[in-house]
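Student: I am new to this structure and would like a close look at one part of it. Please take me through the place where two chains meet.

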Amino acid sequence: MSAPSVLYDHPGPKARLRNAIYTVIFAVALVAVVWWVVAALERNGQLEWAKWKPLFEGQNWTTYLLPGLWNTIKAAVISVVIALPIGAILGVGRMSEHSWIRRPVGVVVEFFRSVPVIILMVFAYQLWFFTFDYSSSLAAVVIGLVLYNGSVLAEVFRAGVRSLPKGQTEASLAIGLRKTQMMLFVLLPQALTVMLPAIVSQLVVILKDTALGGILVGYVELRRAAGTSASFYKNILPTYVLISVIYIVLNLALTTGAGMLEKRLRRTRGKAGVPLVVTAIAAESVVGEVAGPEADKAMTENQQ
Amino acid sequence: MDFSFLDDPRYDVIGAFWMNVQLTFWSAIGSLIFGTILAAMRVSPVPLMRGFATTYVNIVRNIPLTVIIIMMAQVLYTQLGVKLASREAGVNPQAFLDAQNFRLAVLGFILYTSTFVAEAIRSGINTVPPGQAEAARAIGMTFTSVLGIIVLPQAFRAVIAPLANVLIALTKNTTVASAIGVSEAALLMNTMMENEADKYWAIFIVIALGFVILTLPVGLILGWVANRASVKR
């Protein structure tokens, strides 16, 4: 008989009683909190059907919510598509043997990782306006997201290449490949499969970060569109609950997809290219277990 | 490049960054406490607590921080009337709103960041060799003692580096407080961009360098601490 966890023994009669008592206490506390919330909602008239009804009206969806959702997805997808190659280039640049490439790329990556995305967006908005003489909030959002996530992905790429066995480098040098060929034909393709789950989970971050575009640069993504809808129908709480659910469903779908991808890769690739820790949620993994501290740093950071 | 706006009394750059530091400080303390509680619940023998913590983490970390912060102001305060600052007659209403929005923002950051703290600590608990917990159980310790005296102290030493990353992310995330009008660096940057539009490069450099100065030492110092504190096995 194995204990359910290493932290506690298989419960005997005493422990079972104690656990039952804790369960009851916690359940009572939870119910009390829920009761308090429901009472507060009731008191403020938030539970009236009139407030929730607009969520089921077609016009609300076609006018506000669906265009907002589309803008969110559009900004996220464009950002990912641009950030991936930039991340790969920066990642490779950071591993270059020439210090005049490695150092500047390192500074660029570290800089854009330490500046808040919203600051990048506000700057990009202005930069775009002065360069092209018209303002585009979509461009601001995309540039901000690309600068930040490109730098994060650069670290992911670097960690991915580093996680490959040394024999890969040695073998490609032994058969006389040049460094560029080695990177393009041997290391990057393998690293890419290893990193695929991590890249998919990076989508979650980008999707969540599109909401930053609605704060200062005026991009009408899901959150901002919902804000307009809520002030029209006067139902802030129901609308925000709804968009929270939309975000959660989208992100959980992405995370589940990444988890399935990871399992598949683990099965087909065997031990040599164990995928990097996908996310702290999906993976029951240990810090630094597969990818080492470098990869781990990139992985934990990019979730936020 | 023209940095003359730094002398303009309208723009309190240092004050704005000080606001970010304050937001980070209080949110970090709160998230560390709540995050540890969540992590303890997630590994506890009581299924209801495990279920609650897992559900909480999976729900909250998938909602954009912007949505959480705005809900704090527009739902918690405007709709439900939860007040975190006292409003007295005769006091400047703006002072009340400032204090209120600051505290609401901190509450939002704590609710959000705790989920990342909890995940970091949980993965730290996994790095502690099973033998440690087994030995503790063998000498008759209860779950609370095993976790509190044996496992968590070792886990904390392993998670300093991941927690440093959470702290850096939190520092950058405090800019989201601009969504509910907390006068911090991002909001100031936006105001400056509107008034001094042609100096956008200089403004960006000042604000961006401010964040580099705030986050870079944290990463370096805590990285060094993490190295020193890590349990050599």
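Student: How many residue pairs are in polar contact between chain B and chain A?

Tutor: This is a predicted model. Between chain B and chain A there are six residue pairs in polar contact, with both residues at pLDDT 80 or more. Salt bridges are another matter: the rule finds zero of them across this interface.

Now the extent of the interface. On one side, 65 residues of chain B take part, and they are in contact with 58 residues of chain A. The size of an interface is often given as the accessible area lost when the parts come together. Here the two chains bury about 5800 Å² between them. Carbon and sulfur atoms account for 69% of that area. In chain B, the residues that lose the most area to chain A are B:Asn62, B:Arg137 and B:Lys172. Together they make up 11% of what that side buries.

Next, what chain B brings to the contact. Chain B has nine helices and zero strands. Its C-alpha atoms fill a box of roughly 70 × 45 × 30 Å along the principal axes. Back at the interface, there are six residue pairs in polar contact, and many helices of chain B have a share in the touching side. Helices that each supply at least two residues include H2 (47-60), H3 (65-79), H6 (143-158) and H9 (200-229). H4(B) gives the most, with nine residues. By class, the side of chain B that touches chain A has 41 nonpolar residues, 16 polar and eight charged.

Zoom in on one helix pair. H1 of chain A spans residues 13-43. Its axis and that of H2(B) come within 8 Å and cross at roughly 40°. H1(A) is therefore oblique to H2(B). From H1(A) come A:Thr23, A:Phe26, A:Ala27 and A:Leu30. They meet B:Leu48, B:Met49 and B:Phe52 in H2(B). The residues of this contact divide into six nonpolar, one polar and no charged.

One last point on salt bridges. The interface has zero, but a search of the whole structure finds 13 over all chains. One of them joins the side chains of A:Arg94 and A:Glu155, at 2.7 Å from N to O. This pair links distant parts of the chain, 61 residues apart. A:Arg94 lies in helix H3 (residues 58-94) of chain A, and A:Glu155 in helix H6 (residues 137-162) of chain A.

Terms used. Residues are numbered from 1 along each chain as its sequence is written. Chains are lettered from A and ligands numbered from 1 in the order in which they are written. Side-chain values use heavy atoms; hydrogens and water are left out. Contact means heavy atoms within 4.5 Å. Buried area is the accessible area (1.4 Å probe) that two parts lose on being put together, summed over both. A salt bridge is a side-chain nitrogen of Lys or Arg within 4 Å of a carboxyl oxygen of Asp or Glu. A polar contact is a pair of N or O atoms within 3.5 Å; within protein, one must be able to donate a hydrogen and the other to accept it, and residues adjacent in sequence count only if both atoms are side-chain atoms. Helices (H or I, at least four residues) and strands (E, at least two) are DSSP runs, numbered from the N terminus. Ala, Val, Leu, Ile, Met, Phe, Trp, Tyr, Cys and Pro count as nonpolar, Asp, Glu, Lys and Arg as charged, and the others, Gly among them, as polar. Axes are lines fitted to C-alpha atoms, for helices over the stretch in contact, and angles run from 0 to 180 degrees between N-to-C directions. Angles under 35 degrees count as roughly parallel, over 145 as roughly antiparallel, 65 to 115 as roughly perpendicular and the rest as oblique.
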